[in-house]
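Reader: I would like to go through this model term by term. Please show it, and then tell me how each label is earned.

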Amino acid sequence: YLRMAVIGFTVRSMLHPVLDLILTLVRYGRKEGWNNFFTPWNMFVMFSELASAYWIGDIMFRDMTDEPSNCNYKDTDDPSKLCQFVRHPVQFSMAVGLKWIILTFEMMCTPGFGRTVL
């Protein structure tokens, strides 16, 4: 069940920037919508969302399509039989780190946290 929840949140993270673009264009019109959407803030958040979703989705998809694997890295001699989280720790760390960055930036939009930090 946890894997399906992660895949659901990954799909949400991939669709979120597209939905933001569509809603911005509907609300502000074509020209002003493009100008409002393509700001440095939105571009960074969009890149972070898409990169994080891609990396975690890639790990989860490869782990689901591979043969059953062993996540205990101490008991195996063949690295190809390890699970994706153990074989690609940097990719997993980047996905988690980007999610924390997104959370921090989104918290800066709230009055209590944003006004204190900024």
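Author: Start with one term: buried means under 20% relative accessible area, exposed means over 50%, and partly exposed is in between. By that rule, buried residues make up 23% of the 118 residues in the protein. Keep in mind that this is a predicted model.

Reader: What makes up the fold, in helices and strands?

Author: The protein has six helices and zero strands. Along the sequence the pattern reads α-α-α-α-α-α. Take contacts between residues at least 6 apart in sequence: 54% of them join residues at least 24 apart.

Reader: Why is Glu 49 called buried?

Author: Its relative accessible area is 1%. The cut-off for buried is under 20%, so the label applies. Glu 49 sits in helix α3, residues 40–65.

Reader: Which residues does Glu 49 contact, leaving aside neighbours within four places in sequence?

Author: Glu 49 is in contact with Ser 13, His 16, Pro 17, Lys 99, Ile 102 and Glu 106. Contact here means heavy atoms within 4.5 Å.

Reader: What makes the pair Glu 49 and Lys 99 a salt bridge?

Author: The N to O distance between their side chains is 3.5 Å. The rule asks for a Lys or Arg nitrogen within 4 Å of an Asp or Glu carboxyl oxygen, so the pair qualifies. By this rule the count comes to one salt bridge. The pair links distant parts of the chain: Glu 49 is in helix α3 and Lys 99 in helix α5, 50 residues apart.

Reader: Is Lys 99 buried, exposed or partly exposed?

Author: Lys 99 has a relative accessible area of 33%. That value falls between the 20% and 50% cut-offs, so Lys 99 is partly exposed. Its partner Glu 49 is buried, at 1%.

Reader: How do you know that α5 has close to the expected span?

Author: Helix α5 covers residues 89–107, which is 19 residues. From first C-alpha to last, α5 reaches 27 Å. The expected value at 1.5 Å a residue is 27 Å, and the helix is close to it.

Reader: Which residues of α5 are buried, and why are they said to share a side?

Author: Gln 91, Ala 95, Leu 98 and Ile 102 are buried in α5. They cover an arc of only 65 degrees around the axis, and therefore lie on the same side of α5. There is a general reason behind such spacing. An α-helix has 3.6 residues a turn, so residues three or four places apart point the same way. On the other side of α5, Val 90 and Trp 100 are exposed.

Reader: What makes up the nonpolar patch on the surface?

Author: Phe 92, Val 96, Trp 100, Leu 103, Met 107, Phe 113 and Val 117 form the patch, with about 610 Å² of accessible area together. Helices α5 and α6 (111–117) each give two or more residues. α5 gives the most, with five.

Reader: How do you know that Val 96 and Val 117 pass the accessibility cut-off for the patch?

Author: The cut-off is over 30% relative accessible area. Val 96, in helix α5, has 35%, so Val 96 passes. Val 117, in helix α6, has 44%, so Val 117 passes too. Both residues are partly exposed.

Reader: How far apart are Val 96 and Ile 56, in sequence and in space?

Author: They are 40 residues apart in sequence, and 8.3 Å apart in space, C-alpha to C-alpha.

Reader: What share of the exposed area of the protein do carbon and sulfur atoms supply?

Author: The protein exposes about 8,600 Å², and carbon and sulfur atoms supply 67% of it.

Methods. Residues are numbered from 1 along each chain as its sequence is written. This is a predicted model: local features need pLDDT of at least 70, side-chain atom pairs count only at pLDDT 80 or more; totals for chains, interfaces and linings use all residues. Side-chain values use heavy atoms; hydrogens and water are left out. Helices (H or I, at least four residues) and strands (E, at least two) are DSSP runs, numbered from the N terminus. The expected span of a helix is 1.5 Å times one less than its number of residues. Buried means under 20% relative accessible area, exposed over 50%, partly exposed in between (1.4 Å probe, protein chains only). The arc is that of the directions from the helix axis to the C-beta atoms. Patches are made of residues with over 30% relative accessible area and no salt bridge: like charges are joined within 9 Å, nonpolar side chains (Val, Leu, Ile, Met, Phe, Trp, Tyr) within 5 Å. Accessible areas come from the Shrake-Rupley method with a 1.4 Å probe; for residues, only the protein chains shown count as cover.
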